[in-house]
Amino acid sequence: MRDGDDVGLVHGHPTMSPANRSVSIGATLAAAGITLVFVGLGTPRPLAEWRWLDLAGEGGTALMAAWWMHIVLGSRPAGRVTLLLALGLAAVALGMGADALDEVLPLRDGPRIDKWLESGLVPLGMALLSAGLVAWRREQFMLSDHMQQRERLFREHRDFDRITQLAGIDYLREQLALEQRLRPQAPAALVMLEIDGLQALLHEHGRRDAVRALQAVTHQTLLNLRNDDLLCR
């Protein structure tokens, strides 16, 4: 299964995809805009009136949500699940950040933008985050099913094809012989698949796109196998 653009690697660490980077930049600009609103319209509260426990709780929640958003964007490929999780965390961070700013720069005489931000962004963020977690849970079930399909190969600790991570023709012959010995009368089928146009894709767009197409077909096929089926290259 492919959720979106591939995540690159730099010195072994994932790098943020362009789409995820745009979400991060957008959240940063939104935070800067909200801060400017409070700085421009707010009235500084005397230090003696600061409620330090509220400030620590609200500000700390905002920082933690922003940090979690950065972790999500930096460790997942771009896609619907990633977007829901990131937007939910961003909305929570912005709403709690606005509430923390209200502790030191309350908007006494102006419109109650702070209350609107807190009352609107935080519930919206929780809703988006909940939807993202439900979608992420569904994604994990699909990935678990994918791994179960390949468990038969991983358990053997044998060499894989470097591109598709599938076993080769020698392993297929071994399994066919094993099935014939164990269940000589059981019905069986051998299906051969060929991807039309792969060579044309290789010549027109290069090896990288051809490899990605082959991997995509492999992954989709694995996801649709039964537990007793075997896919080899």
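## The loop between helix 4 and helix 5

In this predicted model, Gln-165 is found in the loop that runs between helix 4 and helix 5, the latter spanning residues 169–182. Most residues other than glycine have a negative phi. Gln-165, although it is not a glycine, has a positive phi of about 60 degrees. The residue counts as partly exposed, because its relative accessibility is 35%, a value that falls between the 20% limit for buried and the 50% limit for exposed.

## The chain as a whole

The protein chain holds seven helices and two strands, and reading along the sequence gives the pattern β-β-α-α-α-α-α-α-α. Of its 233 residues, 32% count as buried. When the contacts with a separation of 6 or more are considered, 73% of them are accounted for by residues 24 or more positions apart.

## Two nonpolar cores

Which residues touch the most other members of the largest nonpolar core? They are Met-69, Leu-73, Leu-85, Ala-86 and Leu-89, out of the 13 residues that make up this core. The elements giving two or more residues to the core are helix 1 (18–41), helix 2 (52–75), helix 3 (80–104) and helix 4 (113–154), and the largest share, five residues, comes from helix 3. Met-69 can serve as an example of the contacts made here: leaving aside its neighbours within four places in sequence, Met-69 is in contact with Ala-27, Ala-86, Leu-89 and Ala-90.

A second core, separate from the one just described, has 12 residues, and Ile-34, Leu-55, Ala-91 and Leu-107 are among them.

## Two buried residues with polar contacts

Asn-20, which lies in helix 1, counts as buried because its relative accessibility is 3%, under the 20% limit. A polar atom of the Asn-20 side chain lies 2.9 Å from the backbone oxygen of Arg-76. Leaving aside neighbours within four places in sequence, the contacts of Asn-20 are with Leu-73, Arg-76, Pro-77, Ala-78 and Thr-82, and Leu-73 is also one of the residues that touch the most other members of the largest nonpolar core.

Is Glu-103, a residue of helix 3, buried or exposed? Glu-103 is buried, since its relative accessible area is 4%. The side chain of Glu-103 is joined to that of Arg-51 by a polar contact of 3.1 Å. With its neighbours within four places in sequence left aside, Glu-103 is in contact with Arg-45, Trp-50, Arg-51, Asp-54, Leu-55 and Glu-58; among these, Leu-55 is also included in the second core.

## The aromatic pair

A pair of aromatic rings is described by the distance of the centres and the angle of the planes. A search of the whole structure finds one such pair. The rings belong to Trp-50 and Trp-52, and because their planes stand at 55 degrees, with the centres 5.1 Å apart, the pair is tilted. The two residues can also be described by their accessibility: Trp-50 counts as partly exposed, at 26% relative accessibility, whereas Trp-52, at 51%, counts as exposed.

## Helix 6 against helix 7

Two packed helices are described by the angle between their axes and the distance between the axes. For helix 6 (residues 198–205) and helix 7 (residues 207–223), the axes come within 7 Å and cross at roughly 145 degrees. On the side of helix 6, the residues that meet the other helix are Leu-198, Leu-201, Leu-202 and His-205, while helix 7 provides Arg-207, Asp-209, Ala-210, Ala-213 and Leu-214. Sorted by class, this contact between helix 6 and helix 7 has six nonpolar residues, one polar residue and two charged residues.

## Residues apart in sequence

Leu-222 has its place in helix 7 and is buried, with a relative accessible area of 3%. Along the chain, Leu-222 and Leu-166 are 56 residues apart, and their C-alpha atoms are separated by 9.9 Å.

Met-126, whose place is in helix 4, counts as partly exposed, at 44% relative accessibility. The C-alpha atom of Met-126 is separated by 9.6 Å from that of Leu-85, and the two residues are 41 residues apart along the chain. Leu-85 has already appeared in this report, as one of the residues that touch the most other members of the largest nonpolar core.

Terms used:
Residues are numbered from 1 along each chain as its sequence is written. This is a predicted model: local features need pLDDT of at least 70, side-chain atom pairs count only at pLDDT 80 or more; totals for chains, interfaces and linings use all residues. Side-chain values use heavy atoms; hydrogens and water are left out. Axes are lines fitted to C-alpha atoms, for helices over the stretch in contact, and angles run from 0 to 180 degrees between N-to-C directions. Helices (H or I, at least four residues) and strands (E, at least two) are DSSP runs, numbered from the N terminus. Contact means heavy atoms within 4.5 Å. Ala, Val, Leu, Ile, Met, Phe, Trp, Tyr, Cys and Pro count as nonpolar, Asp, Glu, Lys and Arg as charged, and the others, Gly among them, as polar. Rings of Phe, Tyr and Trp (its six-membered ring) pair if their centres lie within 6.5 Å; planes under 30 degrees apart count as stacked, over 60 as edge-to-face and the rest as tilted. Buried means under 20% relative accessible area, exposed over 50%, partly exposed in between (1.4 Å probe, protein chains only). A nonpolar core is a set of buried Ala, Val, Leu, Ile, Met, Phe, Trp, Tyr and Cys residues joined through side-chain atoms within 4.5 Å. A polar contact is a pair of N or O atoms within 3.5 Å; within protein, one must be able to donate a hydrogen and the other to accept it, and residues adjacent in sequence count only if both atoms are side-chain atoms.
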